[in-house]
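Please read the following report with the sequence and the 3D view side by side, and look up each element as it is mentioned.

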Amino acid sequence: MKIATFNINGIKARIDALPQWLDEAQPDVAILQEIKSVDEGFPRELFEDRGYNVETHGQKSFNGVAILSKLPLEDVTRGLPGDDSDEQARYIEATVVGDHSSVRLCGLYLPNGNPAPGPKYDYKLAWMHRLEDRARALLAEETPFLLTGDFNIIPQAEDAATPDAWREDALFRPESRAAWRRLLALGLTEAFRARTQGPGHYSFWDYQGGAWNRNNGIRIDHFLLSPAIADSLRDCQIDKDVRGREKPSDHVPVWVDLDL
């Protein structure tokens, strides 16, 4: 089963680029972030015509997550537990059943947190604490699951072309990376680093300052796999070339191939 994550930075802006990539890459499941659309405004027919079941958790002009799946989606839930007052559309869950086993898909768009320190950074760290609690609950239930999406976390210095430029940024501050390490300490496997080591691998390039042309990128789009799912990992790759196409998102797709 091929499962991809892709921060599309607006479905209206990516109305041509996203279907083109889907037709080429043929993921069984695509988990999207920053759809920037209310549920009723999402062009679901465009993807249903390609054989995808569509589930969204949208918000006008900001945020928004979605799951496109060629396999049936079961027990779909929206919103990260732990704060009933949180109205930002950043989290969606569903179960998908493969040939041999099922996996709980946890699609997330983690808060950016800038400027830091400040209220937005406090929200980011609190959100990560809630995510850790959710992962703990799924582990306690012995539910095979994965967490994927735009984490807005640069895990290590090697995940940035110019790490010194990010030292005080919310994506790379010590508190952010400590929260990331707490997730890993639960026993989760970071899929890309389980397959590929070393610097130079990025999933985001800013639109400003010629970042793409200079390969001044960062790696912030991740898959974290529970132990049962980690055992099924075949591959994890970044579709870097998508960034160089017409009207690209500032992120590119990342995908895993699982033996499910």
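In this predicted model, strand 1, which covers residues 2-7, pairs with strand 12, which covers residues 254-258, and the two run in the antiparallel sense over 4 bridges. Within this pairing, A4 has W255 of strand 12 standing opposite.

Both strands belong to an open sheet of 6 strands, whose order is 3-4-2-1-12-11 and whose pairing is mixed. At its edges lie strand 3 (53-57) and strand 11 (233-238), each of which pairs on one side only. If direction is ignored, neighbouring strands of this sheet are turned by 15° against each other on average. Helix 1 (residues 17-25) packs on the sheet, where helix 1 touches strand 1, strand 2 (29-33) and strand 4 (65-69), and the direction of helix 1 makes about 160° with that of strand 1.

A separate topic is the cysteines. How many disulfides does the model contain? The count comes to 0 disulfides, and the table sets out the values for two cysteines.

| Cysteine | Nearest cysteine sulfur | Relative accessibility |
|---|---|---|
| C106 | that of C236, 16 Å away | 0% |
| C236 | that of C106, 16 Å away | 1% |

A disulfide requires two cysteine sulfur atoms within 2.5 Å, and because the nearest cysteine sulfur to C106 is 16 Å away, C106 is in no disulfide. C236 is likewise in no disulfide. Are these residues buried or exposed? Buried means under 20% relative accessible area, so C106, at 0%, counts as buried, and C236, with 1%, is buried as well.

Notes:
Residues are numbered from 1 along each chain as its sequence is written. This is a predicted model: local features need pLDDT of at least 70, side-chain atom pairs count only at pLDDT 80 or more; totals for chains, interfaces and linings use all residues. Side-chain values use heavy atoms; hydrogens and water are left out. Buried means under 20% relative accessible area, exposed over 50%, partly exposed in between (1.4 Å probe, protein chains only). Two strands pair if DSSP finds at least two bridges between them. Axes are lines fitted to C-alpha atoms, for helices over the stretch in contact, and angles run from 0 to 180 degrees between N-to-C directions. Contact means heavy atoms within 4.5 Å.
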